[in-house]
Amino acid sequence: MTTTTQSGIFSLKLYKEEKVKVLIVDDEDAVRMLLSRFLESLDYKVDTACDGWEASTYLSTNSYDLLITDYIHPGMDGAALARYAKHEIDLPPPRVIILTGYPESEILCETGAEACLPKPINLSKLKEVIEEVLSGVKG
């Protein structure tokens with residue numbers, strides 16, 4: 001957007017910050033929809049995938065700031081997807097949050113994820129962890 005002073009002497013170009021891009025991966029439609037709507041309400045740009053294979057296509061062609069993935073889903077599971085996102089794409093790697101019912105410490109070591117959250121998902125806690133992860137504070 002360009003604006004001009006009343007005297008017309010100069011113009012100032014204003015840039016709007018780009019939205020944070022998030023990829024959500026879960027094989028449950030209801031979970032994908034819930035997370036997508038919640039994150040969009042927080043002004044994030046969201047894409048969704050139903051499994052790791054679909055997500056890997058998104059990751060190889062789009063740059064994401066954050067990957068939120070279920071740990072267990074068909075095909076490429078969350079652990080393999082997190083490793084792929086961190087080490088095998090030519091784009092800057094996203095930060096990763098894993099959603100799971102399994103012990104967190106094992107998953108963090110195995111995947112290199114910045115954070116794990118238990119299912120069922122507490123949206124307030126998710127928001128807090130996303131803010132920590134995106135600010136560089138390990139969740």
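Helices and strands here are DSSP runs, numbered from the N terminus. The model is predicted.

**Exercise 1. Place Met 76 and decide whether this residue is buried or exposed.**

Solution.
Step 1. Find the residue. Met 76 sits in the loop between S5 and helix H3 (78-87).
Step 2. Recall the cut-off. Buried means under 20% relative accessible area.
Step 3. Apply the cut-off. Met 76 has 11% relative accessibility, so Met 76 counts as buried.
Step 4. List what surrounds the side of the loop. Setting aside residues up to four places away in sequence, Met 76 touches Gly 52, Trp 53, Ser 56, Leu 81 and Tyr 84.
Step 5. Check a pair that is apart in sequence. Met 76 and Asp 51 are 25 residues apart along the chain, and their C-alpha atoms are separated by 6.9 Å.

**Exercise 2. Work out the order of the strands in the open sheet, and find which strands stand at the edges.**

Solution.
Step 1. Start with the whole protein. There are 5 helices and 7 strands. Along the sequence, the pattern is β-β-β-α-β-α-β-α-β-α-β-α.
Step 2. Read the order across the sheet. The 5 strands run S4-S3-S5-S6-S7, with parallel pairing.
Step 3. Look at the ends. Strand S4 (45-49) and S7 each have a single partner strand, so one side of each has no neighbour in the sheet.
Step 4. Add the twist. On average, neighbouring strands of this sheet are turned by 20 degrees against each other, direction ignored.
Step 5. Zoom in on one pair. Strand S3 (residues 21-25) pairs with S5 in the parallel sense over 4 bridges. Val 25 has Thr 69 in S5 as its bridge partner.

**Exercise 3. Which strands does H1 lie across, and what does Arg 32 in this helix touch?**

Solution.
Step 1. Place the helix. H1 lies across S3, S4, S5 and S6. H1 runs at about 170 degrees to S4.
Step 2. Pick out Arg 32, a residue of helix H1.
Step 3. Judge its exposure. The relative accessible area of Arg 32 is 13%, so Arg 32 is buried.
Step 4. Find a polar partner. The side chains of Arg 32 and Asp 29 make a polar contact at 2.4 Å.
Step 5. Collect the contacts. Apart from neighbours within four places in sequence, Arg 32 is in contact with Ile 24, Asp 26, Asp 27, Thr 48, Ala 49 and Cys 50.

**Exercise 4. Explain why the buried residues of H2 line one face of the helix.**

Solution.
Step 1. Name the buried residues. In H2 they are Gly 52, Ala 55, Ser 56 and Leu 59.
Step 2. Look down the axis. These buried residues fall within an arc of 105 degrees, so they line one face of H2.
Step 3. Use the general rule. An α-helix has 3.6 residues a turn, so residues three or four places apart point the same way.
Step 4. Turn to the other side of H2. Trp 53 and Thr 61 are exposed there.
Step 5. Ask what the buried residues pack against. The answer is S3, S4, S5 and H3.
Step 6. Finish at the N-terminal end. Asp 51 caps H2, with a side-chain oxygen 3.0 Å from the backbone nitrogen of Trp 53.

**Exercise 5. Compare the span of H5 with the expected value, then find its buried side.**

Solution.
Step 1. Count and span. Helix H5 (residues 123-134) has 12 residues and reaches 16 Å from first C-alpha to last. That is close to the 16 Å expected at 1.5 Å a residue.
Step 2. List the buried residues of H5: Leu 126, Val 129, Ile 130 and Val 133.
Step 3. Locate them. Their arc around the axis is only 105 degrees, which puts them on the same side of H5.
Step 4. See what covers them. The cover includes helix H1 (29-41), strand S5 (66-70), strand S6 (95-100) and strand S7 (115-118).
Step 5. Check both ends. Asn 122 caps the N-terminal end, with a side-chain oxygen 2.9 Å from the backbone nitrogen of Ser 124. Just after H5, Gly 136 has a positive phi of about 95 degrees.

**Exercise 6. What is unusual about the backbone at Asp 43 and at Pro 120?**

Solution.
Step 1. State the rule. Most residues other than glycine have a negative phi, and most peptide bonds are trans.
Step 2. Test Asp 43, in the loop between H1 and S4. Its phi is near 75 degrees, a positive value in a residue other than glycine.
Step 3. Test Pro 120, in the loop between S7 and H5. The peptide bond from Lys 119 to Pro 120 is cis, with omega near 0 degrees.

Technical notes. Residues numbered from 1 in each chain as written. Predicted model: local features only at pLDDT ≥ 70, side-chain atom pairs only at ≥ 80, totals over all residues. Heavy atoms only, no water. Helix = DSSP H or I, 4+ residues; strand = E, 2+ residues; numbered from the N terminus. Expected span 1.5 Å × (residues − 1). Buried < 20%, exposed > 50% of the residue type's maximum accessible area, 1.4 Å probe, protein only. Arc of directions from axis to C-beta. Contact = heavy atoms within 4.5 Å. Polar contact = N/O pair within 3.5 Å; in protein donor to acceptor, adjacent residues only side chain to side chain. Pairing = 2+ DSSP bridges. Axes fitted to C-alpha atoms, helices over the stretch in contact; angles between N-to-C directions.
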